[in-house]
Amino acid sequence: MYGRGYSDRPDVPYTQELYNTQILDLINQLKLGHKVNLAGVSFGGAVITNFTCSHPALVNKVILVDPVYEQKSR
């Protein structure tokens, strides 16, 4: 993911759409011809959950490890 470790840090808004695009680009670049299993730790749990909701046909299983919980304000 952009901004983590030694990865690039582009000057763009870090939105869920950006994270979804990164995962989709990775799946396409690896030329995976089957559904994928995704695992997410902490904030990654929110990222892969949103990706799965947006692209359910691409995901086989989701593994969440201590995911963040975002409560919407009322």
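# Questions about a predicted α-β-α-β chain

Among contacts in this chain between residues at least 6 apart in sequence, 47% join residues at least 24 apart. The model is predicted.

Reader: Okay, give me the overall layout. What pattern does the chain follow along the sequence?
Author: The chain holds two helices and two strands. Read from the start of the sequence, they come in the order α-β-α-β.

Reader: How much of the chain is buried?
Author: Buried here means under 20% relative accessible area. The chain has 74 residues, and its C-alpha atoms fill a box of roughly 40 × 30 × 20 Å along the principal axes. Of those residues, the buried part comes to 22%.

Reader: Let's talk strands. In which sense do E1 and E2 pair?
Author: E1 covers 36-41 and E2 covers residues 59-65. Six bridges link the two, and Asn 37 stands opposite Lys 61 in E2. The sense of the pairing is parallel.

Reader: Which residues make up the covered face of E1?
Author: E1 has two faces, and Asn 37, Ala 39 and Val 41 sit on the uncovered one. The covered face is made of Val 36, Leu 38 and Gly 40.

Reader: Now the largest pocket. How much space lies in it?
Author: Its lining counts 13 residues, with Gln 22, Ile 23, Leu 26, Leu 38 and Ile 48 nearest the centre. The space inside is about 210 Å³.

Reader: Which element gives the most to that lining?
Author: Helix H1 (16-29), strand E1 (36-41) and helix H2 (43-54) each supply at least two lining residues. The top contributor brings five residues, and that is H1.

Reader: And how many charged residues are in the lining of the largest pocket?
Author: Sorted by class, the lining has eleven nonpolar residues and two polar ones. The number of charged residues is zero: there are no charged residues.

Reader: Gln 22 is one of those near the pocket centre. Is Gln 22 buried or exposed?
Author: Gln 22 sits in helix H1. Leaving aside neighbours within four places in sequence, Gln 22 is in contact with Met 1 and Tyr 2. Its relative accessible area is 18%, and the cut-off is under 20%, so Gln 22 is buried.

Reader: What about Asn 20: which residue does its side chain join through a polar contact?
Author: Asn 20 also lies in helix H1, and it is buried, with a relative accessible area of 10%. Not counting residues up to four places away in sequence, it touches Val 47, Asn 50, Phe 51 and Ser 54. The side-chain polar contact is 3.5 Å, and the partner is Ser 54.

Reader: Where does the side chain of Tyr 14 reach a backbone oxygen?
Author: Tyr 14 is in the segment before H1. Beyond its neighbours within four places in sequence, Tyr 14 is in contact with Tyr 2, Gly 3, Arg 9 and Tyr 19. The backbone oxygen that its side chain reaches, at 3.1 Å, belongs to Pro 10.

Reader: Why does Tyr 14 count as partly exposed?
Author: Buried takes under 20% relative accessible area and exposed takes over 50%, with partly exposed in between. Tyr 14 falls in that middle class because its relative accessibility is 36%.

Reader: What separates the C-alpha atoms of Tyr 14 and Pro 56 in space?
Author: In sequence, Tyr 14 and Pro 56 are 42 residues apart. In space, C-alpha to C-alpha, the separation is 22 Å.

Reader: Anything odd in the backbone? What is the phi of Lys 31?
Author: Lys 31 is found in the loop between H1 and E1. It is exposed, with a relative accessible area of 70%. Although Lys 31 is not a glycine, its phi is positive, about 55°.

Reader: And what is the phi of Asp 66?
Author: Asp 66 lies in the segment after E2, and at 64% relative accessibility it counts as exposed. Asp 66 is not a glycine either, yet its phi is positive, about 50°.

Reader: Last one. Which residues does Val 68 touch, not counting residues up to four places away in sequence?
Author: Val 68 lies in the segment after E2 and is partly exposed, with a relative accessible area of 39%. Its C-alpha is 20 Å from that of Gly 5, 63 residues apart along the chain. The residues Val 68 touches are Ser 42, Phe 43 and Ala 46.

Definitions and conventions
Residues are numbered from 1 along each chain as its sequence is written. This is a predicted model: local features need pLDDT of at least 70, side-chain atom pairs count only at pLDDT 80 or more; totals for chains, interfaces and linings use all residues. Side-chain values use heavy atoms; hydrogens and water are left out. On a 1 Å grid over the protein atoms alone, a cavity is a set of points where a 1.4 Å probe fits but cannot get out, and a pocket is an open set with protein on both sides within 12 Å along at least five of seven lines; lining residues have an atom within 4 Å of a point. Grid points are joined across faces, edges and corners, and a volume is the space filled by probe spheres set on the points. Helices (H or I, at least four residues) and strands (E, at least two) are DSSP runs, numbered from the N terminus. Ala, Val, Leu, Ile, Met, Phe, Trp, Tyr, Cys and Pro count as nonpolar, Asp, Glu, Lys and Arg as charged, and the others, Gly among them, as polar. Buried means under 20% relative accessible area, exposed over 50%, partly exposed in between (1.4 Å probe, protein chains only). Contact means heavy atoms within 4.5 Å. A polar contact is a pair of N or O atoms within 3.5 Å; within protein, one must be able to donate a hydrogen and the other to accept it, and residues adjacent in sequence count only if both atoms are side-chain atoms. Two strands pair if DSSP finds at least two bridges between them.
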